[in-house]
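Subject: Structure for you to look at

Hello,

Here is the structure I said I would send. Please open it before reading on, as my notes are written to be read beside it.

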Amino acid sequence: MAEEELSRLALDEESDSDEEGEVELGFVQAPEAPWMLRRQHFPCKAGGAAAWLDADSVPRTPDSCCDFCEEPLRFLLQIYASLEERSDTFHRTLFMFMCSKMECLRRDQAEQKKPAQSSSRSVKVFRSQLPLKNIFYSDTPSRGKNDRPLTTGVDLCTWCRTWRGEKVCGGCKTTRYCSRQHQVEHWRAGHSSSCKTQAPVPTNNSSNNLWPEMEIVLGEEERDEETGNTLPIVPANQSLALNAELQGFEEASGEKQCWANFQARIQRAPSQVLRYCRNKNAKVLWMRPDDQPTAVDISPCQLCGGPRIFEFQVLPQLLYYFGVDNEPDSLDWATVAVYSCSNSCEVEGYAREFIWVQLPI
Ligand SMILES: [Zn+2]
Ligand SMILES: [Zn+2]
Ligand SMILES: [Zn+2]
Ligand SMILES: [Zn+2]
């Protein structure tokens, strides 16, 4: 990825065009082998538990919780996106979490324009990065099944296996929890009997409310054959089917156009769940023309003060692969765009980055 990144940047400097750069599309699939999604293998993955890069500095409450309902956030996905041209970003991962309640995501809408320090969010993203030589992982690239991290990291919650397990069960004194809520859920799911016998309870993702674990595979988006353009412009009245779907907002032709462009672009690879393009000219593919951030809405990096740039967006197709119901109160979004520090500045542990959520019409 990093080499392409470099050549992309070089191209951009030569030409002054607004050429947006190649987009890498993310697709989900069952992992070839589950061990490949462990942290020592630096995965790109969705669902399951977070595979923390820095296993000692796992974010704490309140960062780990939804700012509305105060329950622990659920792990959505992580993207391994090293900037190998720099020694301090040899390993670099972005981790994304979300509250699973649509009610909270709707409240989040009103907050995303507020300054980062005072906004309450139900969606959060964290950046972590490490040099090749670090205390957590070997610097020799074997990446085999038997590779182990060099340190065990902090104790994690027995139930979500993502957040710090700072509370210990009073009965067995062994199981650990990030929150009272996860202790209660684990108790109800069988720890009430296994606590006394000390028998470990096998947990699987469906029982502990994690989204199903999948590998994310990245591949380049194909360009439009005829024009070489990556942004096809679809005439607003091109398709009868589109028109039928769009009857609901007849007067808003900008909306139609935006929606049609979104659909046309997605149709090239309908199963894509993510679009990655860390490039200064990268454009977010929005579903609607309103409800987009302006430059001032994207707050600067809280560590170095540098501007943030668009890095990737997550598409609602992911919810389909997660098996989220399509009910009125089910979690849903049009797109979720992540903006990260353009300097990818030095960070101890984890740095919050900026997220903009566009909800469906
Ligand atoms: Zn919530
Ligand atoms: Zn937990
Ligand atoms: Zn117990
Ligand atoms: Zn920064």
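Below are my notes on confidence, one helix, the core and a few backbone features.

Please keep in mind that this is a predicted model. The protein chain has a mean pLDDT of 87, and 84% of its residues reach 70 or more. Two stretches should be read with that score in view. Over residues 4-17, pLDDT stays under 50, and the model has ten contacts beyond four places in sequence for them. Residues 231-244 also have pLDDT under 50 throughout, with 14 contacts beyond four places in sequence.

Next, the helix. Which residues of α2 are buried? In this helix, which covers residues 102-109, they are Cys104, Leu105 and Asp108. Viewed down the axis of α2, these buried residues fall within an arc of 100 degrees, so they line one face of the helix. The general background is that an α-helix has 3.6 residues a turn, so residues three or four places apart point the same way. What does the buried part of α2 pack against? Its partners are β5 (123-130) and β12 (351-358).

On to the core. The largest nonpolar core has 67 residues, and those touching the most other members are Ala46, Met96, Leu274, Val338 and Ile355. Leaving aside residues up to four places away in sequence, methionine 96 touches Leu76, Leu77, Gln78, Val125 and Val338. As a general point, nonpolar side chains in soluble globular proteins tend to be buried together.

Last, the backbone. The loop between β2 (45-46) and β3 (74-80) contains proline 62. The peptide bond leading into this proline from threonine 61 is cis, with omega near 5 degrees. Glutamate 70 lies in the loop between β2 and β3 as well. Its phi is near 65 degrees, a positive value in a residue other than glycine.

A positive phi also turns up at serine 344, at about 40 degrees, although this residue is not a glycine. Serine 344 sits in the loop between β11 (335-341) and β12.

Are these two residues buried or exposed? Glutamate 70 counts as partly exposed because it has 13 C-beta neighbours inside 10 Å, and the cut-off for exposed is 12 or fewer. Serine 344 has 24 other C-beta atoms within 10 Å and is therefore buried, the cut-off there being 20 or more.

Regards

Methods: Residues are numbered from 1 along each chain as its sequence is written. Chains are lettered from A and ligands numbered from 1 in the order in which they are written. This is a predicted model: local features need pLDDT of at least 70, side-chain atom pairs count only at pLDDT 80 or more; totals for chains, interfaces and linings use all residues. Helices (H or I, at least four residues) and strands (E, at least two) are DSSP runs, numbered from the N terminus. The arc is that of the directions from the helix axis to the C-beta atoms. Two residues are in contact if their C-beta atoms, placed from the backbone, lie within 7 Å. A nonpolar core is a set of buried Ala, Val, Leu, Ile, Met, Phe, Trp, Tyr and Cys residues joined through C-beta atoms within 7 Å. pLDDT is the predictor's confidence in each residue, from 0 to 100.
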